[in-house]
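Visitor: Could you walk me through this protein, step by step, with each term explained as we go?

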Amino acid sequence: MEGLARRLLHIPPRLLASLPPETAHDLAIRLIPLAPRGRQAERPGLETTIAGIDLAHPLGLAAGFDKDARAALGLLRLGFAFVEVGTVTIRPQAGNPRPRLFRLAADRAIINRMGFNNAGIEAMAGRLQGRPHTGITGVNIGINKDSTDPARDYGIAAARLLPLADYLTINVSSPNTPGLRDLQEERALAGVLDAVLEARRNAGPAKPVFLKVAPDLDDRSADAITETAMARGIDGIIATNTTIARPPGLRSPARAEKGGLSGRPLMAPSTRLLQRMARRAAGRLAFIGVGGIASGADAYEKVLNGASAVQLYTAFVYEGPAIIDRILDELEACLARDGHADLASAIGTGL
Ligand SMILES: Cc1cc2nc3c(=O)[nH]c(=O)nc-3n(C[C@H](O)[C@H](O)[C@H](O)COP(=O)(O)O)c2cc1C
């Protein structure tokens, strides 16, 4: 069985690219649990710590790939240092009508308007409960599109899932749930953060809580969010989610589709926001950099701009599991070139 899976998993970038995007994704989620273990080489010098969580190296899988934690163990086995499952909402939800996922291959980008399709917090709790702890798994929570009390709903999701997660991410930044990003406004945000942190106080051993932000924030909002996160006691920020902007130069026909854009065109704007927030936080928050990473040089740029760890999604879809070792090899080369003894000594040196 493993041989078959290995062969299948060698094909995906090409095979999967010939299928409709969502069919390919569902197939990948089914195949990944059968995947062989990735290279287990030690990565001395790439160890990192994020809000107290020790990671073997800084590269994780971003939220949205494994929304219901169906493949998390397999994804960890491929070699990701951590996997963020979700976004999950308190009640199951079908998401937007299809098609809602578009490849922009010429731009190495994706547009999605999935709309938090997920099986709900109880289904996720069932999957996470009692499974072996073989690696770091974060849980990303959102709200149903018909939520009437976002703060309460985030609190409920946090209370249910924090005990089963290594960390929790509050997602107020997906562009596909109407009104969600308004929760980044100062007063609304404070209410959501307080509800989640209250749930954490009652949920046993304290686990880190991150806030995931949109790249489409003006400077004033970015500063206000950073300050609010610090004032309320959030551990870190994940910068960033997908963008509603359409940078000039996109070539793919699907560029006009509505939704969040990810991948290469997101690298620069996303890193700019990371840099601004990390400067403002001046060491008082942990940062996970995500948005447009497709090489070790991209990951390195996020690290220089304050990220203690990074995540990716879109480039993994285009390149498959081999991207993990490629990025780590290239990252090691970047560190050596610039005379950094290890990853830790490079974090934030570009700020
Ligand atoms: C198809 C798709 C679905 C996504 N779903 C979620 C989600 O449910 N929750 C979330 O916080 N981010 C979600 N994201 C955003 C990613 O986690 C990531 O922040 C973004 O894609 C930028 O990284 P990338 O350029 O490496 O893809 C999704 C991205 C894609 C492409």
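The questions and answers below go from the domains to the core, then to a hairpin and the ligand.

Guide: Please keep in mind that this is a predicted model, in which local features need pLDDT of at least 70 and side-chain atom pairs count only at pLDDT 80 or more, while totals for chains, interfaces and linings use all residues. Residues are numbered from 1 along each chain as its sequence is written.

Visitor: How far apart are the centres of domain 1 and domain 2?
Guide: The domain bounds, which come from an automatic or database domain assignment, give domain 1 as 1-36 and domain 2 as 45-346. Taken over C-alpha atoms, the separation of their centres is 24 Å.

Visitor: Which helix supplies the largest share of the side of domain 1 that touches domain 2?
Guide: Counting two residues as in contact if their C-beta atoms, placed from the backbone, lie within 7 Å, the contact takes nine residues from domain 1 and 16 residues from domain 2. Helices (H or I, at least four residues) and strands (E, at least two) are DSSP runs, numbered from the N terminus, and both α2 (12-17) and α3 (21-31) supply at least two residues of the domain 1 side. The largest share there, three residues, belongs to α3.

Visitor: Which helix gives the largest share of the largest nonpolar core?
Guide: A nonpolar core is a set of buried Ala, Val, Leu, Ile, Met, Phe, Trp, Tyr and Cys residues joined through C-beta atoms within 7 Å, where buried means that 20 or more other C-beta atoms, placed from the backbone, lie within 10 Å of a residue's own. The largest such core has 108 residues, and Tyr-154 is one of those with the most contacts inside it. The core draws at least three residues from each of domain 1 and domain 2, and its largest share, seven residues, comes from α12.

Visitor: Which residue in β6 stands opposite Arg-103?
Guide: Arg-103 and Leu-101 point one way from strand β5 (residues 101-104), whereas Phe-102 and Leu-104 point the other way, and all are buried. Strands pair if DSSP finds at least two bridges between them, and four bridges join β5 to β6, which run antiparallel. Opposite Arg-103 stands Ile-110.

Visitor: Which residues come nearest to the ligand?
Guide: A residue is near a molecule if its C-beta atom, placed from the backbone, lies within 6 Å of it. The shell around the ligand receives at least two residues from each of β6 (109-112), β11 (260-263) and α11 (314-319). Of the 26 residues around the ligand, those that come nearest are Ala-62, Gly-64, Ser-262, Tyr-313 and Thr-314.

Definitions and conventions. A residue is buried if 20 or more other C-beta atoms lie within 10 Å of its own, exposed if 12 or fewer, and partly exposed in between; C-beta atoms are placed from the backbone.
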